[in-house]
Structure formats: C-alpha cells, structure tokens
Amino acid sequence: MAEFIGSIDQGTTSSRFLIFNKNGEPVASHQEEFSQIYPQPGWHEHDPEEIVSSVHSCIEGAVEAFKKDGNSVDSIKAIGITNQRETTVVWDIESGEALYNAIVWTDTRSQAIVKELKSRKGADELMQKCGLPLSTYPSVTKLLWLLKNEPKVKEAYEKGTLAFGTIDAWLVYKLNGHEKRVFVSDPTNASRTMFMDIHTLKYNPELIAFFGDDEFDLSNIHMPDIVKSSDAKAYGTINSGVLSGFSLTGCLGDQSAALVGQKGFDAGSAKNTYGTGSFILYNTGSKPVISTHGLLTTVAYDFDGTPSYALEGSIAVAGSGVKFLMNNLGFSFDSHKITELAGTVENNGGLVFVTAFSGLFAPYWITDTQGTIFGITQHTQRGHIARATLEAVCYQTKAVLDAMEKDSGHPLQELKVDGGMSNSELCMQIQADILAENKIPIVRPKMRETTALGAAIAAGFAAGVWKNFDELKEINTTGQTVFEAKMDTKDSAKMVKRWERAVNMCRGWLADDE
Ligand SMILES: Nc1ncnc2c1ncn2[C@@H]1O[C@H](COP(=O)(O)OP(=O)(O)O)[C@@H](O)[C@H]1O
Ligand SMILES: O=P(O)(O)OC[C@H](O)CO
C-alpha cells in the first residue's frame, strides 16, 4: 500500500495541512488564514485557541480531499509539525488554558526590557551561549513582558502553574489534549527562546538565571522538555478529529523545515524563505558558528542526536510589507497584484523603502527606527512604492549574504528560494539583479511547499518512511526556475549603495523615551 505523511504548517499568517506521498509530492492540502491582532503600534498578537482550531480545521479539510481521491486515512504513516518560531504562549498547566494572546515574533513591546537586559553583567556573553543577540525578537523578552505586565500571568507564576512555550509546544500540548500533558519542544524551536545552550541543546541554568530578577525566578516556570526533531514517541498522538490516534513524529521550526525541505543537508548550502518575514539559513555542518557580522546561530535540525547548525539572517518584513500595501494602504486585494503594480514602473524612481516596522533585524539590528520611505517626489507613483517594497527584502538579503560570506569565509554558490513572495517572478529577478556583483543564481523549485515538506521529512524519518538523506535525492528536482542577474553590476551596486545610505539615515528616529 502507498504510504503518505501529513504535515501541519502553522505560519504567521495562515495554517495549513498537507499530505505528501513518498515522492514528496503534495496530494491534498487545506489552508486557512487567522486573525492578526495589532492592539497598539508595535504590538502583534494571535489568539492561541484560534491557532489550534485553524489547525484542526485544516486537517479536516485536507483529509476530506484526500479521501475523496480514493485514498485511505490509514495510509498516513506519520504527521509532522512546523511552525512560526519565537511566538510566545503562556498557559496554566493545571487548566490548560492560555493566559494571554500569543505574542508574535514581530512584536516590539519589550524594547524597554531589552534595554535593561543589555545593561546587565553577562549580557555580552549571551551570544556565545545561545547564538542570539539581545533584541525584542526571541521569546524570552516577550515572556518577561507578560510576567511584568499581565496580572493573570504573575498569579500563575506565584501559584507555580505557569507554563511557557513556543507555538510547537502549544500545538503538541493541545493536539494531544491537556490531560496527557505532552509538553515538548524540538531544538530548532527551543534555540529561539534564549534559554537553550546552542552547544549542548539543553536548557542552560546560567541563561535562565541571567533573565530572572529579585521578583521572578524563571527556573520556577514550566518549560517543555527538549527532544529530537524526529522522534517516534516524544510528540504523542492527536486526540480528536479525523486523525485521532495518529502519531506526531517530527517537529521543526519553519525556517529549519524549509532548509530540510530544500534538502540543504550539506554544509555550505543555503535557502531564503520569503514568507511574512524572510529568513536565510546557511548550513554550517556539525559545529555552531558564532557570527561576528550580525547573524544568528541556530539549529538546522537534530534527527538523531547529532545536530546540524546554521547561520541565520532574519529579515522581519517581507510578505508583511506586501500585506501592508494591501490592508493598510488599500493598494490592492491580492498579493499578486502588488507585483503587477510594481511591474508598471521601470525602476524604483529613486525611492527606497526601509520597511523597519519592527526595527531592522539582520544584519543591522537597529531598534531605534521605524518604517521610512526616502526619495518621494511629485514623480512618485504607487508602482514605485510597490517596487521599493519588494526591493527592500532583496537589499536586506544581499546584506545578509555578504555577512554570511564574511562569517563563513566562503562565497555562496547558489541561493535556493521558497515562501509566498517567491511566487513573484519580478521579485526574484530583482533579487538576482541586486546580487549582480555576488553572481549568485536564485534557484526556485517547482513545488514551493518546502516548509511543510521539511516537517514531513522529519516525521517520515521517525516512522521509517524514509531512512536516509540519499532516499530524498530525487524529490522536487524537476521544473526548477533559475534567476540570474540581468542588470549591469555598476547599476546594481549604485542601488545597493543608496539602500545602505537610507539605512544609516533612518537610525535614531525613535527617541529614548519612545
Ligand atoms: N505573488 C506574490 N507577490 C508578492 N508577495 C506574495 C505573492 N504571493 C504571496 N505573497 C506574500 O507571501 C506571504 C505569505 O507567504 P507564506 O510563505 O505563506 O507566509 P507565512 O508562512 O509567513 O504565513 C504573504 O505576506 C503574501 O503577501
Ligand atoms: O511565518 P514566517 O514564514 O515568516 O516565519 C516566521 C519565523 O519563523 C519567525 O522567526
């Protein structure tokens, strides 16, 4: 009988469930968007219960389509999970009830907390221990904000019932059902909290102590056990719905999952996923490389207790810039149309849009700035703004790749791409043009659900559907599109220079008391 693997992909803007065959082809899928809550400037929340219900509903939708095609549910051998990372959920371990909305990775409300943490003794050593710089991005600063500002969270802390987890841990806990108390996280997710030692893949008591204070001892908070990304038992089973009783056997943060789905298993391979944000991961092999050029160190995957690591360039705004033009400025109702609009002009007309809605992440890490458009004249059209929005992510990608080259000492051979925004031919051509001097081809696979595929691979390994990387070699190799620079290197360099000038000019916009 044919074997299939299910994959839950819980992203920032939507949840999906896909069912893959052994050749890595999706045979059924269902996707649902859920509410984006922006209570104040810089704040971004999700309803944790809505996230769980959207996942259940995607499973029902995809399985229904799967059955309609004459397949039997019993042929689904395993289920994997992949998820938006850093997004923080707190709940009461006694009741299983969430105590606050999930604080999303993009949220910048913890800026004052970050500033205070930076002044603490030992702040300079954090990077060496956990691979992440202090910023509003990792989960820990969101957790601290919740402890200090939300009475229900403080109350649970005082009772000793406060549970903290990222979306993977929350989903696994809820899909298993509260009664079972399956409370686990994989290293690719746990490495984004700042509590995990990047060298040992275990919680580091020194890190946990660093973030505590006289009021809060963080070692008293329930945190998920860190287990391998591929594990036949640790993630439990789904307890309700059409896949009730089916095992969850793999879990990867979405960016790691995309690297796996792109089969970036060799040191030196790299991918960029242009989703809500854009995240470049460069496989560094079995040793963590601590960046000296503004990148993060993260776990690529840990299938068998011998982890692979990656250097990461995290860009906060990619597709969310496109959504901003649609939802806030009313440019269009469809992402695809934004690309069309960008194509109505020949170039950016002198416009640079620094899309620093959450400050600027890698490799700049500028916190005292906000989104800024430079170069508006009476010549400026909506098309220029659309184009500058696409270009912004491409410039940041170049800056990240240059940093990667410096950290690794090796120029990149090719950049594999995926994610919603990679559907835009224009955006991918702009990316190749902006990388003209680097001469890096952009390689886009035909099947672009690589994040979901990565989680399916993690789950499939534990269930014995695949046994090694060699068996995956042929998956998703036909029908790739390669984008190469068409722009003159000098023109490309001029554009990049103007971007860098804009980045420098937008520093310091936010005053200390803001
Ligand atoms: N043709 C397109 N041109 C530009 N942006 C696009 C296009 N198609 C999708 N997007 C953008 O991609 C994002 C969704 O990508 P996806 O990989 O599903 O993200 P996530 O996993 O973060 O939810 C949205 O922000 C959307 O606006
Ligand atoms: O939702 P995405 O695909 O932009 O990914 C979110 C990242 O995991 C945040 O670190």
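This is a short viewer tour of two annotated domains, two ligands, three helix pairs and a couple of backbone oddities. Keep in mind that the model is predicted.

**Stop 1: the two annotated stretches**

Start by colouring residues 5-261. UniProt, in an unreviewed entry, lists them as "domain: Carbohydrate kinase FGGY N-terminal". This span is 32% helix and 23% strand, and its end C-alpha atoms sit 14 Å apart.

Now give residues 271-463 another colour. The unreviewed UniProt entry annotates them as "domain: Carbohydrate kinase FGGY C-terminal". Here you have 35% helix and 20% strand, with 26 Å between the end C-alpha atoms.

**Stop 2: ligand 1**

Select ligand 1 and show what surrounds it. Which residues are closest? They are Gly11, Gly275, Thr276, Gly319 and Gly420, out of 19 residues in the shell. By class, that shell has 3 nonpolar, 15 polar and 1 charged residues. Try highlighting α10 (319-327) and α11 as well: each of these helices supplies at least two residues of the shell.

**Stop 3: ligand 2**

Move over to ligand 2, which has 15 residues around it. Thr12, Arg85, Gly275, Thr276 and Gly277 come nearest. Sorted by class, the shell around ligand 2 contains 2 nonpolar, 10 polar and 3 charged residues. Gly275 and Thr276 should ring a bell, as they are also listed among the closest residues to ligand 1.

**Stop 4: α11 against α12**

Select helix α11 (residues 335-342) together with helix α12 (residues 382-408). Their axes are 7 Å apart, and the helices pack at an angle of about 110 degrees. So α11 and α12 are roughly perpendicular to each other. The crossing is left-handed.

Show side chains next. From α11, the contact uses Ile338, Leu341 and Ala342; from α12, look for Arg382, Gly383, Ala386, Arg387 and Leu390. That contact divides into 5 nonpolar, 1 polar and 2 charged residues.

**Stop 5: α12 against α13**

Keep α12 on screen and add helix α13 (residues 425-434). At what angle do the two axes cross? Roughly 40 degrees, and they come within 9 Å. This crossing is right-handed.

On the α12 side, pick out Leu390, Glu391, Cys394, Tyr395, Thr397 and Lys398; their partners on α13 are Leu426, Cys427, Ile430, Gln431 and Ile434. The mix is 7 nonpolar, 2 polar and 2 charged residues. You've met Leu390 before, in the contact of α12 with α11.

**Stop 6: α9 against α14**

Now select helix α9 (residues 254-261) and helix α14 (residues 450-462), whose axes come within 7 Å and cross at roughly 85 degrees. That makes α9 roughly perpendicular to α14. In the contact, α9 brings Asp254, Ala257, Ala258, Leu259, Val260 and Gly261, while α14 brings Thr450, Thr451, Leu453, Gly454, Ala455, Ile457 and Ala458. Count the classes and you'll find 8 nonpolar, 4 polar and 1 charged.

**Stop 7: two backbone oddities**

Zoom in on Ala362 and Pro363. What kind of peptide bond joins them? A cis one, with omega at about -10 degrees. Pro363 lies in the loop between β18 (352-354) and β19 (372-374).

Finish at Met194, in the loop between α7 (187-190) and β10 (196-197). Its phi is near 85 degrees, a positive value in a residue other than glycine.

Technical notes:
Residues numbered from 1 in each chain as written. Chains lettered and ligands numbered in written order. Predicted model: local features only at pLDDT ≥ 70, side-chain atom pairs only at ≥ 80, totals over all residues. UniProt positions renumbered as here; feature names shortened; annotations may be inferred. Helix = DSSP H or I, 4+ residues; strand = E, 2+ residues; numbered from the N terminus. Near = placed C-beta within 6 Å. Nonpolar A, V, L, I, M, F, W, Y, C, P; charged D, E, K, R; others polar. Axes fitted to C-alpha atoms, helices over the stretch in contact; angles between N-to-C directions. Parallel < 35°, antiparallel > 145°, perpendicular 65-115°, else oblique. Left-handed = near helix turned anticlockwise from the far one by under 90°. Contact = placed C-beta atoms within 7 Å.
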